[in-house]
Amino acid sequence: MSAAHEEDRLILIVNQHGENRGDESALRAMVDGLEMALGKSRYVIVVQFKSRDLVLPFHEHVVFCNMRMPYLDMLGLFVFGALRRLGITARFLLTRRTRPIIDAYERTDMVISAPGGPYFGDIYANHEIVHWFYVWLATVYRKKLFLYAPSVGPFEIGWLNAVRRHLFRQFDVLCVREEISGRYLGRLLGKDAEIHVTADSAIQQQVEPHSRADYFHGDRAALADRLLVAVSAIEYRFPGERDPEPMQRRYGDALMQCLCHLASARDCHFLLIPQLYGGAHDDTPFLRSIGAALPPDASWEIVDQAYDSTAQRGIFGMADLCIASRYHPQIFAACAAVPGICIYYEHKALGFMKALGLEDCAFDIRNPDADAMCRRLDEIVEKREKIARQIAERMPDLRARSRRTTELAAMLYREKHGARP
């Protein structure tokens with residue numbers, strides 16, 4: 001394939017979640033994987049940034065369009081799509097925000113629904129229709145459709161399941177990133193559906209652990225010899241619960257009991273690592289409250305929010321232990337064979353821990369057992385090298401499965417152009 005042809009190739013990625021270092025890492029790995037498989041391409045990425053003017057530094061051939069837009073712009077886009085389905089092209093309905101999105105649908109050969117989620121499923125059903133709209137637009141323009149290994153489900157809302165079945169069947173290739181999502185989707189679509197259970201996009205990339213000597217220097221050098229505990233905690237609101245406050249307290253108390261237990265028993269330094277960025281979202285106040293609640297002599301810091309996802313992965317990699325109630329930080333740690341416990345709020349994290357054979361290190365945020373969590377942390381510290389070896393032995397298979405998603409996407413693209421894989 002000529003260089004000129006490669007530069008003309010446009011791949012449209014929709015439903016990309018923004019302002020979160022985990023989703024950023026999955027996106028970077030996906031784009032880099034596609035570049036390796038297909039050669040240099042141009043990308044338009046329809047991303048959900050709450051900060052409408054936020055620009056994520058990326059390759060020069062990547063253009064972002066924001067899913068979040070004024071209601072009139074969105075209404076015009078919906079009406080444009082409906083008319084286009086009827087064969088009527090009413091470009092006067094488009095604005096400076098929506099015109100580049102439609103231009104990308106017209107010029108692309110393949111539309112990819114990004115890794116993330118479960119944005120298709122009951123958990124986020126209140127805005128699921130927006131994500132389906134961008135899938136439906138691909139069918140309007142008769143483009144190849146690829147589901148790039150998100151989590152999905154559960155699917156218990158009967159009236160919505162008819163829509164889901166129809167639109168899932170429009171995908172040429174369906175990939176999900178863990179077995180639980182695979183079972184949810186299999187039950188929705190039936191036994192005849194071909195569903196590839198691969199792995200999270202971020203796993204296909206390897207990132208070297210950060211140097212402790214470089215991170216802790218000068219009067220901080222002594223911290224490098226302590227038990228480094230990477231902590232990534234979500235301020236979970238328990239959406240859908242009638243009385244969330246008691247559940248929030250139980251989760252917060254269990255988390256603090258774990259951290260205080262470690263602080264009292266071992267010479268620790270806690271790295272409190274934010275996942276949100278961009279101004280509209282900020283989890284550093286929550287992390288600061290965690291640090292302030294530690295014993296007065298505990299050693300802790302909040303890692304700079306400006307670190308991008310690659311730099312963050314290096315910081316997780318230099319830790320000895322990880323405590324995460326967020327999904328991708330657990331992946332960041334595991335990719336460097338760093339053990340720890342996971343406090344999961346969605347099935348995506350539980351599915352990942354099961355893939356590692358460490359489901360006994362996963363605890364449900366809705367019913368946390370602080371005593372059991374502390375006991376498990378003690379066991380992990382005592383058997384850290386053994387558990388790290390187990391993780392290291394599992395990761396090559398998960399990495400190959402993650403790369404399989406990219407291989408399937410590249411095969412679909414080549415099929416469109418009649419080229420051999």
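In this predicted model, isoleucine 112 has phenylalanine 146 of strand E5 as its bridge partner. The pairing belongs to a longer contact, in which strand E4 (residues 110–113) and E5 run parallel and are joined by four bridges. On another side of the story stands strand E6 (residues 173–176), which also pairs with E5 in the parallel sense, here over three bridges. In E6, leucine 174 stands opposite leucine 147.

Strand E5 itself, spanning residues 144–148, is mostly covered, with five of its five residues buried. In a regular strand, side chains alternate between the two faces of the sheet. For E5, Lys144, Phe146 and Tyr148 lie on one side, while Leu145 and Leu147 lie on the other, and both faces are covered. Phenylalanine 146, the partner of isoleucine 112, and leucine 147, which stands opposite leucine 174, are thus met again here, one on each side of E5.

Helices link E5 to the strands with which it pairs. E4, helix H5 (residues 128–140) and E5 form a right-handed β-α-β unit. A second right-handed β-α-β unit is made by E5, helix H6 (residues 158–168) and E6.

The loops of these units hold some notable backbone details. In the loop between E4 and H5 sits proline 118, and the peptide bond that leads to proline 118 from glycine 117 is cis, with omega near 10°. Proline 154 lies in the loop between E5 and H6; its bond with glycine 153 is also a cis peptide bond, with omega about -5°. Between H5 and E5, the loop includes arginine 142, a residue other than glycine whose phi is positive, near 55°. Is arginine 142 buried or exposed? Its relative accessibility is 74%, so arginine 142 counts as exposed.

A positive phi of about 55° is also found at phenylalanine 238, again not a glycine. This residue is placed in the loop between strand E8 (227–232) and helix H9 (244–265). Phenylalanine 238 counts as buried because its relative accessibility is 1%.

Stepping back to the sheet, E4, E5 and E6 take their places in an open sheet of seven strands, with the order E3-E2-E1-E4-E5-E6-E7 and parallel pairing. Its edges are strand E3 (62–66) and strand E7 (195–197), each of which pairs on one side only. On average, and with direction ignored, neighbouring strands of the sheet are turned by 20° against each other. Elsewhere in the sheet, strand E1 (residues 10–17) and strand E2 (residues 42–48) run parallel and are joined by six bridges. Glutamine 16 has valine 47 in E2 as its bridge partner.

Helix H2 (residues 21–38) packs on the sheet and touches E1, E2, E3, E4 and E5, with its direction at about 165° to that of E1. Helix H4 (residues 99–107) lies across E1, E2, E3 and E4, and runs at about 130° to E1.

Finally, there is the empty space. The largest pocket holds about 1,100 Å³. Which of the 40 lining residues are the closest to its centre? These are His17, Tyr124, Ile234, His281 and Arg326. Two or more residues of the lining come from each of E1, H2 and helix H12 (327–335). E1 and H2, described above as touching each other, are therefore met once more at the pocket lining.

How values were computed: Residues numbered from 1 in each chain as written. Predicted model: local features only at pLDDT ≥ 70, side-chain atom pairs only at ≥ 80, totals over all residues. Heavy atoms only, no water. Buried < 20%, exposed > 50% of the residue type's maximum accessible area, 1.4 Å probe, protein only. Pairing = 2+ DSSP bridges. Right-handed = clockwise from strand over helix to strand, strands pointing away. Axes fitted to C-alpha atoms, helices over the stretch in contact; angles between N-to-C directions. Contact = heavy atoms within 4.5 Å. 1 Å grid on protein atoms, 1.4 Å probe; cavity = no way out; pocket = protein on both sides within 12 Å on 5 of 7 lines; lining within 4 Å. Points joined across faces, edges and corners; volume = space filled by probe spheres on them.
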